[in-house]
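Trainee: I should like to request a close look at a single part of this model. Could you take one loop as the starting point and then place that loop within the wider structure?

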Amino acid sequence: MTETLRLSWHVVVRNWTVYKKDFFANISPTLADPSLIMVSLGLGLGSLIQDINGRTYLEFMAPGLVATTALFTSFFESSYGFYVRMTYESIFKAMLTTPVGASEVVIGEYMWNFIKGSLMAFGVTLVLCAFRLVPHYWVLPVATLLGGLISIPCAALGLLASSYIHNINQFQTVYSFLIAPMYFLSGVFFPIEPMPELFRWAIQISPFAHGVRLMQLLFWGELTLQTVLWHGGMLVAFGIALSYWSNIRIRKKLIA
Amino acid sequence: MKVIEARGVKKSFGSFHALQGVDLTVNAGECVGLLGPNGAGKSTFIGVVYGVTDRTEGTITTFGHDPRSSSREIKRRLGVVPQESALDEALTVVENMRLFGRFVTLPQAQVDKRIDELLVYMSLDHKKDAPIRTLSGGMKRRLAFVRALLAEPELLILDEPTTGLDPAVRHLLWQKVTDLKKKGKTILITTHYMHEAEVLCDRIVILNQGKIIDEGSPRNLIERHAPGYVAIYDSSHPSVSQLRERAPAHWAIYPQQSNLCIRAPTLSELVELQKSEATEPLLLRPSNLEDVYLKLTGEELTQND
């Protein structure tokens with residue numbers, strides 16, 4: 001087991017070594033996009049919106065953006081990123097000639113997504129600090145960890161997509177019909193409570209929605225044991241189920 | 001000692017049967033060449049040896065371990081030069097090798113020393129800090145050799161190691177493989193180049209459509225299947241049809257592109273025939289592994305075809 005973790009960690013080191021080569025190009029969209037949304041939607045559109053439960057629109061939207069960063073970071077890393085590594089760069093073909101096996105590749109990719117999702121959530125939370133939207137100092141480490149947690153089911157969706165598609169353009173379909181709806185409908189931009197009951201129920205099948213909710217409650221200082229257990233439990237359950245499924249699928253891709 | 005022992009190995013991909021019952025033993029210190037046309041099952045077999053391809057039927061052990069359940073133990077003891085070099089294009093030569101050093105679990109201090117030695121060995125030391133994308137195809141291939149040799153493997157698997165390389169690099173790699181053979185490494189090699197197989201291999205295994213159709217030393221295969229000498233004529237030459245008629249029935253006569261090949265048991269008989277028709281062949285040579293290969297894989301057509 002320790003050997004598995006050690007070998008998986010080398011997969012993380014490999015991804016990090018490549019990632020840091022082009023660090024600023026890699027990290028800038030992750031930080032620039034939320035800032036842009038903060039200004040255009042938060043300040044711009046937000047000026048037309050009345051308070052939401054006593055919060056400005058900017059305050060309402062901010063936590064969702066941290067969760068969104070984790071979603072996009074991990075989905076794109078495990079879809080386009082992973083697929084290119086697997087198909088075009090044949091990285092795993094070379095790796096699998098060493099003691100690294102398919103399980104280590106998959107575990108390593110999850111570790112990498114967790115770390116990357118955490119770091120990006122940390123970065124965006126820092127940006128939010130500049131906007132004075134982070135109420136307590138301890139929100140920063142917890143939001144970082146939560147970012148990592150949100151990354152797991154989202155990375156699983158990317159890996160699953162990688163295992164099912166036949167060419168790289170098909171990720172666009174996955175994005176349009178799965179990721180974009182999750183992004184727009186999971187309560188980042190509008191509160192879910194006033195929506196019809198059917199919608200409120202349906203959105204529970206989005207792991208991302210649970211992540212967004214937890215992030216909001218964290219930022220707003222409204223976490224309770226019950227909400228942590230429900231949303232946290234759902235997030236973890238989705239994470240376990242989807243990563244289990246993706247592991248089976250990716251193994252079949254790597255071991256013919 | 002048997003390094004690889006395969007019995008009745010079959011592998012199917014859906015309705016395609018890539019391997020249809022392969023029995024093959026590779027002994028320690030031996031250099032075995034797998035020859036066969038594209039799609040014959042060479043790379044599939046190699047994948048089965050170290051567990052990246054899961055066999056459908058049969059048994060196989062590598063270093064006494066079943067690759068299905070103990071591929072990690074097997075992979076600790078082998079180095080592979082895969083068909084695509086599969087290097088990280090964004091990284092430099094030394095960065096690539098250091099990462100690989102981690103995968104093969106070499107201590108960092110040892111890995112740097114080993115990389116330096118091997119880069120010198122493969123004449124790549126001047127490219128140590130060059131990004132992979134700036135290397136030529138031949139350099140990438142040599143680097144794939146460095147990578148395969150990092151952990152001092154006992155078994156070296158070379159999957160079409162010189163395909164697409166210029167003759168100078170090919171000869172350099174042949175020399176290195178010969179070196180490694182002398183050092184006692186066991187080598188399993190796939191190739192399309194008959195000359196390569198003849199130069200490097202102690203034993204040649206010819207695969208076609210997932211089955212072994214024959215095996216033996218290069219010399220032995222030539223003696224059994226295509227002994228003698230081959231004269232190659234331009235088919236468009238007017239006297240070629242007379243040559244065909246005059247040649248005894250037991251000689252092999254077969255077209256090769258726009259040429260006609262005639263193989264006779266002895267050189268003097270060929271020369272005799274030539275004199276009688278006063279036609280100069282384009283080439284007159286001893287038969288080689290290519291003749292065996294073409295005959296066995298059915299790509300040679302005889303007079304009756």
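**A loop residue and its surroundings**

Mentor: Arg132(A) sits in the loop that joins α5 (102-130) to α6 (139-164) of chain A. The model is a predicted one, and the values below should be read in that light. The backbone at Arg132(A) deserves attention, for its phi is positive, at about 60°, although the residue is not a glycine. As a general matter, most residues other than glycine have a negative phi. As to its environment, Arg132(A) has 9 other C-beta atoms within 10 Å, and because the limit for an exposed residue is 12 or fewer, it is classed as exposed.

Asn53(A) may be considered alongside. Asn53(A) is placed in the loop between α2 (23-44) and α3 (57-88) of chain A. Its phi is near 50°, again a positive value in a residue other than glycine. Asn53(A) has 9 other C-beta atoms within 10 Å and is therefore exposed.

These loops belong to a chain built from helices: chain A has 10 helices and 0 strands, and from the N terminus on its elements run α-α-α-α-α-α-α-α-α-α. Of its 256 residues, 46% count as buried. The C-alpha atoms of chain A fill a box of roughly 60 × 40 × 35 Å along the principal axes. The radius of gyration of chain A is 18 Å, which agrees with the value near 18 Å that a compact globule of 256 residues would have. Contacts can also be sorted by distance along the sequence: among those of chain A with a separation of 6 or more, 81% join residues 24 or more positions apart.

Chain A is in contact with chain B, and the contact takes 20 residues from chain A and 23 residues from chain B. On the side of chain B that touches chain A, α1 (42-50), α2 (71-75) and α3 (93-103) of chain B each supply at least two residues. Of the elements of chain B, α3(B) gives the most to this side, with 4 residues. By class, the side of chain B that touches chain A comprises 10 nonpolar, 4 polar and 9 charged residues. For the complex, the predictor gives an ipTM of 0.86 and a pTM of 0.90.

Confidence within chain B can be stated separately. The mean pLDDT of chain B is 89, and 97% of its residues reach 70 or more. Over residues 300-305 of chain B, however, the pLDDT is below 50, and this stretch has 9 contacts in the model beyond near neighbours in sequence.

Chain B also contains sheets. In one of them, 3 strands form an open, antiparallel sheet in the order β2-β1-β4 (chain B). Its edge strands are β2 (16-27) and β4 (57-62) of chain B, each of which pairs on one side only. Neighbouring strands of this sheet are turned by 15° against each other on average, direction ignored. Within the sheet, strand β1 (residues 2-13) of chain B pairs with β4(B) in the antiparallel sense over 5 bridges. Glu5(B) has Thr61(B), in β4(B), as its bridge partner.

Another open sheet of chain B is formed by 4 strands in the order β11-β12-β10-β13, with antiparallel pairing. Here β11 (252-256) and β13 (283-286) of chain B stand at the edges with a single partner strand each, so one side of each has no neighbour in the sheet. The twist from one strand to the next averages 20°. In this sheet, strand β10 (residues 229-234) of chain B and strand β12 (residues 259-264) of chain B pair in the antiparallel sense over 6 bridges, and Val230(B) stands opposite Arg263(B) in β12(B). Helix α10 (residues 267-277) of chain B lies across β10, β12 and β13 of chain B and runs at about 25° to β10(B).

A last residue of chain B is found in a helix: Leu172(B) belongs to helix α6 (residues 167-182) of chain B. Leu172(B) has 18 C-beta neighbours inside 10 Å and therefore counts as partly exposed. Leu172(B) and Met122(B) are 50 residues apart in sequence, and their C-alpha atoms are 8.4 Å apart in space.

Methods:
Residues numbered from 1 in each chain as written. Chains lettered and ligands numbered in written order. Predicted model: local features only at pLDDT ≥ 70, side-chain atom pairs only at ≥ 80, totals over all residues. Rg over C-alpha atoms; globule rule 2.2 N^0.38 Å. Buried ≥ 20, exposed ≤ 12 C-beta atoms within 10 Å, placed from the backbone. Contact = placed C-beta atoms within 7 Å. Nonpolar A, V, L, I, M, F, W, Y, C, P; charged D, E, K, R; others polar. pLDDT = per-residue confidence, 0-100. Pairing = 2+ DSSP bridges. Axes fitted to C-alpha atoms, helices over the stretch in contact; angles between N-to-C directions.
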